[in-house]
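Biologist: Please take a close look at a single part of this model, and then place that part beside the rest.

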Amino acid sequence: MWQPSDVFELPLDSWVETAIKGWLVPNFREVFQAMQVPITTVLELLDMGLQAIPMAIFTIVLTLIAWAVASRGLAVFTLISLVVVDLIGVWTQTMTTLAMILTAVLFCAVVGVPLGIAAARSDRFANGIRPVLDIMQTIPPFVYLVPIVMLFGVGMTPGIIATIIFALPPIIRLTNLGIRSVPEDLIEAAYAFGSSPRQVLWEVQLPLALRTIMAGLNQTLMLALSMAVIAALIGAGGLGLTVYTGLGRLDVGAATEGGLGIVLLAMILDRITQALGSESERKTPGLLDTLRSLFRTRTPANSSASGQQSAS
Amino acid sequence: MTAKIVAENVSKVFGDDPEQALEMMKDGRTKDEILSETGMTVGVQDVNFSVEQGEIFVVMGLSGSGKSTLVRMLNRLIDASDGKIMVDGEDLLAANAEKLRQLRLEKLAMVFQHFALFPHKTVAENVEYGLKIAGVPQGKRRERALTALKQVGLDAWADRKPSALSGGMQQRVGLARGLAVNPEILLMDEPFSALDPLIRRDMQNELLELQREMKKTIVFITHDLDEALVLGDRIAIMKEGRFVQVGTAEEIVGNPADDYVAAFTQDVDRAKVFGLDSVMETPHALNLATDTVGAARDRLEELGRHALHVVDGGKLAGLVTHRALSDASIDANARLGDYVQTDIPTARPDTLLYKVYDQCTTGLPIAVVDESETLVGAVTPGAVFNTLAHEQEEPTDDGGADKTPQSMSA
């Protein structure tokens, strides 16, 4: 049966080769190299900091944070999880992965929230950015690993850049959605009292969109964690590397340890950020209240009730 | 009295090419024709009005009549397509963004139908909003917010979130937010429509009470004619983007401009619209100092009355009845003084008819006196009830003022 490729084959592969290897890499490699400096700086600082904190102190602090923003149940879960992570011997890798994730999420937020705001304010921009976001979300990360390596080299930072590309869309989308779903009459009221567009944004739109933006941040965080192993392919370390090397050596045990670390970290971060997002809805006791309640015989009804919820 | 807001030939077309629709409007095409031919909606069509300083100007219309669009054009939440709007002598449509912001900050506050309180701010922060935007320092704006909250009786709720408040209380906060910036003009877009009837009545009374002290210029939008009649110094009836009639409550009810207005007003309780001044007649009073019993008898006979008021130097002194003078033994030359009844019904000219029902039961004419106790008119019970019965008959003659529709009397 005849088909068009019998006559002519579109040389898309060589075009892309030429465009990237022949034009983008030689001309812009310096630019891209410079771009990764802030990412590298933040990552190194975070990694250094997290590695320097003793395991016990980190565990206690994160447990208290979990208690303060979420519930006692999550605090217990956090405590047990972190102890397990240490017991299976992947604490250092976990801290590296955490530093990578936090760096990626930080840059996603720094880039994504303003883009989301811009998309909310201009339909044209929103329509323009939507297909880009669709591509970012659907294209398999393996496809852009190669050009990333060409432009940035191998190592932690290129891994984070791949993570950012993969994890960026939700925060842009949800920032846009959150701002757009602020009730029209509130915007009208704000303008009626003489607000400038900037004041409307800061006084009304962003505070009311905060919960949705936090949900976006949560999604971004989860996507970033799911990239941990893939980023290891181009030289990122941490738990991803443990899993990757385990895979290479058919070492099921090591891969499981790395995998368990990722899962536990993901669950802790997910629950904490979710609780942060819903905080404005449900009044939770602050950290100070929690500390005080530690010394009371009875915990507040509120925190024990939500503790049961997350335990069930 | 100066005009605070003047609107001339104001129109609003929603659509891609307002010019075209405006042309069609000028050619006398109807709203529906324009919609079906061009797909554009005419919101407001060639409206003219002015609102005086300290006046409550009510725009009343059903949903879709363009009243909400109209009020939003007064602070340019919606830009008018055509016409001219002057606020305090300033051309609103010519104002640039900065000037407009200034006008909104200083002169034009707004109260919304669904309250539009910011859910993430406390009650006090909501009330402070306009001041915060204007850059008033924290301590001072809190103080002013609390003053405004006190005016509406909610100062105890300052640090709660609006969601903790009932609908009526939320709208009080909305009102306080409007008052806190001390605006000259208050735009109220169906502020009480979302409240249940009892609360609505309370809020209306409260607004009138506040207005007595504040003397703001208020543009009040409503779809409820009763509310319009209670609140409005002047009322504009709006239909399909046009003003059908503008006038006082008495003019609207007493002399509806067309069937549309008449249909609205037919169920209105006229006793709550008409004041005594609309039914009173010239008093034909007797003079305490000069008139004798004989003269009084003659006057009663001549006018066919059974009672007449007596004045002393212009001021009301009392009333003499036919019965009191009918005793033949009374000397015709005797002074009236001894026969004057002083315990008689009196009322002010602006007293509404429903408030004198009790006084009508005495059967005596009601003396209408002004602040200085000067007798300005008399109202017979018959005249009161005739006015109330009037709605069953055909609308009045075209003679504008519906004053003293009954020269017929007892």
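Modeller: The expected span of a helix is 1.5 Å times one less than its number of residues, and helices (H or I, at least four residues) and strands (E, at least two) are DSSP runs, numbered from the N terminus. This is a predicted model, in which local features need pLDDT of at least 70 and side-chain atom pairs count only at pLDDT 80 or more, while totals for chains, interfaces and linings use all residues. Residues are numbered from 1 along each chain as its sequence is written, and chains are lettered from A and ligands numbered from 1 in the order in which they are written.

The part I would choose is helix H5 of chain A, residues 123–138: at 1.5 Å a residue its 16 residues should span 22 Å, and the end C-alpha atoms are 23 Å apart, which agrees. H5(A) nevertheless has a kink of about 25 degrees at A:Ile129, shortly before the proline A:Pro131, where the bend is the angle between axes fitted to the seven residues ending at a residue and the seven starting there. H5(A) is also hardly covered, with a buried count of 1 among its 16 residues; buried means that 20 or more other C-beta atoms, placed from the backbone, lie within 10 Å of the residue's own.

Turning to the partner chain, 15 residues of chain A are in contact with 16 residues of chain B, contact meaning C-beta atoms, placed from the backbone, within 7 Å. On the side of chain A that touches chain B, helix H8 (184–192) and helix H9 (197–226) each supply at least two residues, and H8(A) gives the most, with 6 residues. Chain B itself has 15 helices and 16 strands, and buried residues make up 42% of its 410 residues.

Definitions and conventions: Buried ≥ 20, exposed ≤ 12 C-beta atoms within 10 Å, placed from the backbone. Contact = placed C-beta atoms within 7 Å.
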